[in-house]
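Biologist: I am new to this structure and would like a close look at a single part. Please start with the helix packing, and then go on to whatever else can be described.

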Amino acid sequence: MEEGGQALEGKVALGFQRGFLAGKRLAELPWESLEEVLKHSKDSSPFLTVLQKTVFHPLCLKYPPSVKYRRRFLSELIKKHESTTAEPLDQLYEALGDVLNTEETTHCYKNYLLPSGDAITLRENVAIVSQGTTGLVTWEAGLYLAEWALENSDIFRYRRILELGSGIGLTGIAICKACHPGEYIFSDHHEGVLQQLSENIHLNGLGLEPESRSHHVEEGQSHQDHLLRVDHIRISVKELDWNLVSKDELAELQADVVLAADVVYDPELSQHLIGVLQKLPKDRRNKETPEVYIAFSIRNPDTYHGFQMQLGTMEKEQRERHFLLFEIKWRLDGKLYLPLGGIFFHMTSMLI
Ligand SMILES: C[S@@+](CC[C@H](N)C(=O)[O-])C[C@H]1O[C@@H](n2cnc3c(N)ncnc32)[C@H](O)[C@@H]1O
């Protein structure tokens, strides 16, 4: 293959790598570009390159996407290969054979490659709802907020961040890895979510301070105030229920910035969330009151308008100060602001 063709092959393989490791829907992977590469290739080398960047990638070997996802991916790749005149590629069939012999599990991994070359790895559930919660998978608004945060890292630099409804942690881990906050307080109310969140923080090298308690949460152990530290960032995982948290507890946290992603999907829930926002301190001894950034997908227009109306009932001064709402509008107008070309963001509503 000529030099230009090789460069294209490398670029396409990287597109597969990024998408596959993050578990993007198969339809979003660069199949058309692969076909373009195949026009200039007489052998199976582009397929081997794609295999090496995906199912044979060290991250996939250690932290693989779901069995179903790998099976569907390899079947698609074999279909593409069989439509060419290239010699059969044993590795393709061997890889599929291995996956077919692997038992399905209730969890899988997603790996996101950062511009720094570092990766974020998350252990997720394969089911969108499990253990009675939506918090064990990463949602589109969380992916989007992470995307936006990397582009606006100055908002987080050296500041104290409180995240509400963190789920399994993608947004916060991305901010801790790439935006240099002073302190990051992850929070959620669900036992299983807090457990998985703590494990994911650990998985990403955001280790415990030697003198602090083990963050590895044993059964029956409270999640409150697990303090971790990485590169001078204080990281904690807090059990915080919007229905129960008091004004004083929120004031104690002294957050400069409050974040939440994909927490506006149920009218009752958004009412509780508004309650938390109303309880945020107004005057922190002359320090600025927290800025609030909320990212949400518009699924049901009624829920969305209801949330906006509830926000409208907040005191004017409270509302105007610090709110920035992200509406993930791509469902409505097909456009999406992806400044970094989509390191994190992809549609998760259909799993594959
Ligand atoms: C759809 S998930 C979003 C998770 C994550 N922010 C994301 O974008 O991937 C909603 C999260 O809100 C949490 N949540 C729901 N009700 C809550 C409450 N009353 N107090 C605290 N967290 C709550 C759930 O446990 C879940 O983790």
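Helix packing, hairpin and ligand shell

Modeller: This is a predicted model. In it, helix H3 (residues 45-53) packs with helix H6 (residues 90-100) at an angle of about 35°, and the two axes are 10 Å apart. On the H3 side the contact is made by Phe 47, Leu 48 and Leu 51, and on the H6 side by Gln 91, Leu 92 and Ala 95. By residue class, the contact of H3 with H6 divides into five nonpolar, one polar and no charged.

The next part is a hairpin. Strand E1 (residues 107-113) is mostly covered, with five of its seven residues buried. E1 is joined to strand E2 (residues 119-125) by seven bridges, and the two strands run antiparallel. Within this pairing, His 107 stands opposite Asn 125 in E2. The hairpin of E1 and E2 has five residues between the strands, and Gly 117 takes a positive phi near 100°. As a general point, side chains in a regular strand alternate between the two faces of the sheet.

Last comes the ligand. There are 24 residues around the ligand, and those that come nearest are Gly 135, Gly 142, Gly 165, Gly 167 and His 189. Helix H7 (140-151) supplies at least two residues of the shell, and so does helix H11 (267-279). The shell around the ligand divides into nine nonpolar, twelve polar and three charged residues; glycine is counted among the polar ones.

Key: Residues are numbered from 1 along each chain as its sequence is written. This is a predicted model: local features need pLDDT of at least 70, side-chain atom pairs count only at pLDDT 80 or more; totals for chains, interfaces and linings use all residues. A residue is near a molecule or strand if its C-beta atom, placed from the backbone, lies within 6 Å of it. Helices (H or I, at least four residues) and strands (E, at least two) are DSSP runs, numbered from the N terminus. Axes are lines fitted to C-alpha atoms, for helices over the stretch in contact, and angles run from 0 to 180 degrees between N-to-C directions. Two residues are in contact if their C-beta atoms, placed from the backbone, lie within 7 Å. A residue is buried if 20 or more other C-beta atoms lie within 10 Å of its own, exposed if 12 or fewer, and partly exposed in between; C-beta atoms are placed from the backbone. Two strands pair if DSSP finds at least two bridges between them.
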